[in-house]
Amino acid sequence: MKRVAILISGGGSNMVALAQSMTGDHPARPVLVLSNDPKAGGLARARDMGLAVAAVDHKEFPNDRKGFEGELLAILEAAQPDIICLAGFMRVLSAGFVQRFEGRMLNIHPSLLPKYKGLHTHRRALDAGDAVHGCTVHEVTAALDDGPILGQARLDIGPEDTADTLAARLLPLEHALYPAVLRRFARGDRTPVLIP
Ligand code: GAR
């Protein structure tokens, strides 16, 4: 059975989808939910689900990414994860940290990568006049939002869409895509999942 740690910063809806998927014949189980924000709503949700939770407040490490990542690393290593899922984790991790977990760290990003790396993806898709938007699960490498793509879900943009409606309409697709990718990945299968 593969051990999965999930890193979050906010509400944790992707974390919930991932954790709920890991039952029955699923080849993985959640062993830790870790946040850079002790007040993240997702931590309470994880606790309510009976999951192990931890937080390292990045604000206690001003201008000290090494110190922050050192704390993250100590907690992560104690949980002995085989796979790490970034699920709305909004801190950029250093190359050294990422390399420590090379080939076993995944991220979900709210755009059809390689389009719109970084922030404000919904706004940027609208401003570009795109007809289609979506989300991507990819392997994490040292370059931001850049690693091998493991799955994508697509969504038609409508004339009435705003950044907020796009974000809201995309979220259920994220909740379908990420668990589907993790299920494959935990079996060692990196064939991309495509929805639709
Ligand atoms: C999700 O839309 C996820 O794709 C995005 O943050 C949201 C987290 O929601 N991630 C990023 O923007 C990463 N750069 P959640 O906390 O409800 O899962």
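## A buried serine after strand 5

S111 is buried, with a relative accessible area of 0%. Since this is a predicted model, please read every value here as computed from predicted coordinates. S111 is found in the loop that links strand 5 to helix 5 (121-127).

What does the side chain of S111 meet? One of its polar atoms lies 2.6 Å from the backbone oxygen of K115. Setting aside neighbours within four places in sequence, S111 is also in contact with Y116, T121, H133, G134, C135 and T136.

## Strand 5, covered on both faces

Just before that loop comes strand 5 itself, residues 105-109, where five of the five residues are buried. In a regular strand, side chains alternate between the two faces of the sheet. Here both faces are covered: M105, N107 and H109 are buried on one side, and L106 and I108 are buried on the other.

## The partners of strand 5

Which way do the neighbouring strands run? Strand 4 (residues 83-86) is parallel to strand 5, and three bridges join the two. In this pairing, I84 stands opposite M105 of strand 5. To get from strand 4 to strand 5, the chain passes through helix 4 (residues 95-100), and this β-α-β crossover is right-handed.

With strand 6 (residues 132-139), strand 5 pairs in the antiparallel sense, over four bridges. There, N107 stands opposite H138 of strand 6.

## The annotated binding site

Now to a site that you may want to find in the viewer. An unreviewed UniProt entry places the feature "binding site" at G12, S13 and N14. From this set, G12, S13 and N14 are part of the lining of the largest pocket.

G12 sits in the loop between strand 1 (2-8) and helix 1 (13-21). Is G12 buried or exposed? G12 counts as buried because its relative accessibility is 10%, and the cut-off for buried is under 20%. Apart from its neighbours within four places in sequence, G12 is in contact with G42 and R45.

N14 lies in helix 1. At 8% relative accessible area, N14 is buried as well. Not counting residues up to four places away in sequence, N14 touches A87, I108, L171, E174, H175 and Y178.

One of these contacts leads back to the strand described above: N14 touches I108, and I108 is among the buried residues of strand 5. If you are exploring the model on screen, that pair is a handy link between the annotated site, which includes N14, and strand 5, which includes I108.

Conventions: Residues are numbered from 1 along each chain as its sequence is written. This is a predicted model: local features need pLDDT of at least 70, side-chain atom pairs count only at pLDDT 80 or more; totals for chains, interfaces and linings use all residues. Side-chain values use heavy atoms; hydrogens and water are left out. UniProt positions are given in the numbering used here, feature names are shortened, and annotations may be inferred rather than shown by experiment. On a 1 Å grid over the protein atoms alone, a cavity is a set of points where a 1.4 Å probe fits but cannot get out, and a pocket is an open set with protein on both sides within 12 Å along at least five of seven lines; lining residues have an atom within 4 Å of a point. Buried means under 20% relative accessible area, exposed over 50%, partly exposed in between (1.4 Å probe, protein chains only). Contact means heavy atoms within 4.5 Å. Two strands pair if DSSP finds at least two bridges between them. A crossover is right-handed if, with the strands pointing away from the viewer, the path from the first strand over the helix to the second runs clockwise. A polar contact is a pair of N or O atoms within 3.5 Å; within protein, one must be able to donate a hydrogen and the other to accept it, and residues adjacent in sequence count only if both atoms are side-chain atoms.
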